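Hi everyone, thanks for having me. Today I'd like to walk you through one protein model, step by step. Let's put it on the screen.

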Amino acid sequence: MACFLVPASEAVVTTVAEHIVRSREKKVSDNTDAVKADIPKVRLSEKLSWLNKMLWGGSALLAFEHIWHGEVIPTFPFLTAVQNGETSEMLAEMGTAGVGMAVLVTLFWGGILAASHVIINRKAVTEKE
């Protein structure tokens, strides 16, 4: 019914966080004349960008699916569950399916971060030898 709103809400928060982190990283890089390391480092803003793309993409696909099945309509209140008086069922679905999807995407993103960390460290070890 409206489970796509939970990952979309997380995407809004992480997008704002990404922009804040990116502006702080830019200020730090402008103020320091640091020598570039031979080993590339993935900045936090780039990592947050990966999460944002996953969350926004998943939310868009879910929203399209809900529109396709007539659960989201172009007139107020936009959600047929609210219009039909099924608000408690909608909130229950958001609390189970929506939160579950948002957590699963975030955990998968954590796995991607761990894998990228291992790959970068492996490259550093092989270059030192």
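Let me begin with V12, which is partly exposed, with a relative accessible area of 41%. You'll find V12 in helix α1. Please keep in mind as we go that this is a predicted model.

V12 has company on the surface. Together with V16, I20 and W56, V12 forms a nonpolar patch with about 350 Å² of accessible area. Which helix gives the most to the nonpolar patch? That is helix α1, spanning residues 5-31, with 3 residues.

Now let's step back and look at the whole chain. There are 4 helices and 0 strands, so if you read along the sequence, the pattern is simply α-α-α-α. The chain has 129 residues, and 25% of them count as buried. About 8900 Å² is exposed, with carbon and sulfur atoms supplying 68% of that area. Here is one more number for the overall fold: take the contacts between residues at least 6 apart in sequence, and 79% of them join residues at least 24 apart.

Back to helix α1, where T14 also lies. Is T14 buried or exposed? T14 has a relative accessible area of 10%, and because the cut-off for buried is under 20%, T14 counts as buried. The side chain of T14 reaches the backbone oxygen of A11 at 3.2 Å. Leaving aside residues up to four places away in sequence, T14 touches L51, N52 and L55.

Staying in the helix, let's find the charged pair. The structure holds 1 salt bridge, and E18 forms it with R22, with the closest N and O atoms 3.1 Å apart. Both residues lie in helix α1, 4 residues apart, which is about one turn of the helix. The two partners sit in unlike surroundings: E18 counts as buried at 8% relative accessibility, whereas R22 counts as partly exposed at 36%.

Next, the inside. How many residues make up the largest nonpolar core? The count is 10 in all: A2, F4, V6, A63, V72, L79, A81, M90, M94 and A102. Helix α4, residues 87-128, gives the most to this core, with 3 residues. There is also a second, separate core of 5 residues, including A11, L51, L55 and W109. You've met some of those names already: A11 offers its backbone oxygen to the side chain of T14, and L51 and L55 are among the residues that T14 touches.

Let me zoom in on two members of the largest core. A102 touches V6, P7 and E10, not counting residues up to four places away in sequence. V72 is found in the loop between α2 (44-68) and α3 (80-83). Even in that loop, V72 counts as buried, at 18% relative accessibility. With residues up to four places away left out, V72 touches M1, F4, H66, I67, F78 and L79. Look at M1 in that list: V72 and M1 are 71 residues apart along the chain, yet their C-alpha atoms are separated by 7.6 Å.

To wrap up, here are the places to revisit on your own screen. Find the patch formed by V12, V16, I20 and W56, then the salt bridge between E18 and R22, and finally V72 in its loop between α2 and α3. Thanks for listening!

Methods: Residues are numbered from 1 along each chain as its sequence is written. This is a predicted model: local features need pLDDT of at least 70, side-chain atom pairs count only at pLDDT 80 or more; totals for chains, interfaces and linings use all residues. Side-chain values use heavy atoms; hydrogens and water are left out. Patches are made of residues with over 30% relative accessible area and no salt bridge: like charges are joined within 9 Å, nonpolar side chains (Val, Leu, Ile, Met, Phe, Trp, Tyr) within 5 Å. Accessible areas come from the Shrake-Rupley method with a 1.4 Å probe; for residues, only the protein chains shown count as cover. A salt bridge is a side-chain nitrogen of Lys or Arg within 4 Å of a carboxyl oxygen of Asp or Glu. Helices (H or I, at least four residues) and strands (E, at least two) are DSSP runs, numbered from the N terminus. Buried means under 20% relative accessible area, exposed over 50%, partly exposed in between (1.4 Å probe, protein chains only). A polar contact is a pair of N or O atoms within 3.5 Å; within protein, one must be able to donate a hydrogen and the other to accept it, and residues adjacent in sequence count only if both atoms are side-chain atoms. Contact means heavy atoms within 4.5 Å. A nonpolar core is a set of buried Ala, Val, Leu, Ile, Met, Phe, Trp, Tyr and Cys residues joined through side-chain atoms within 4.5 Å.
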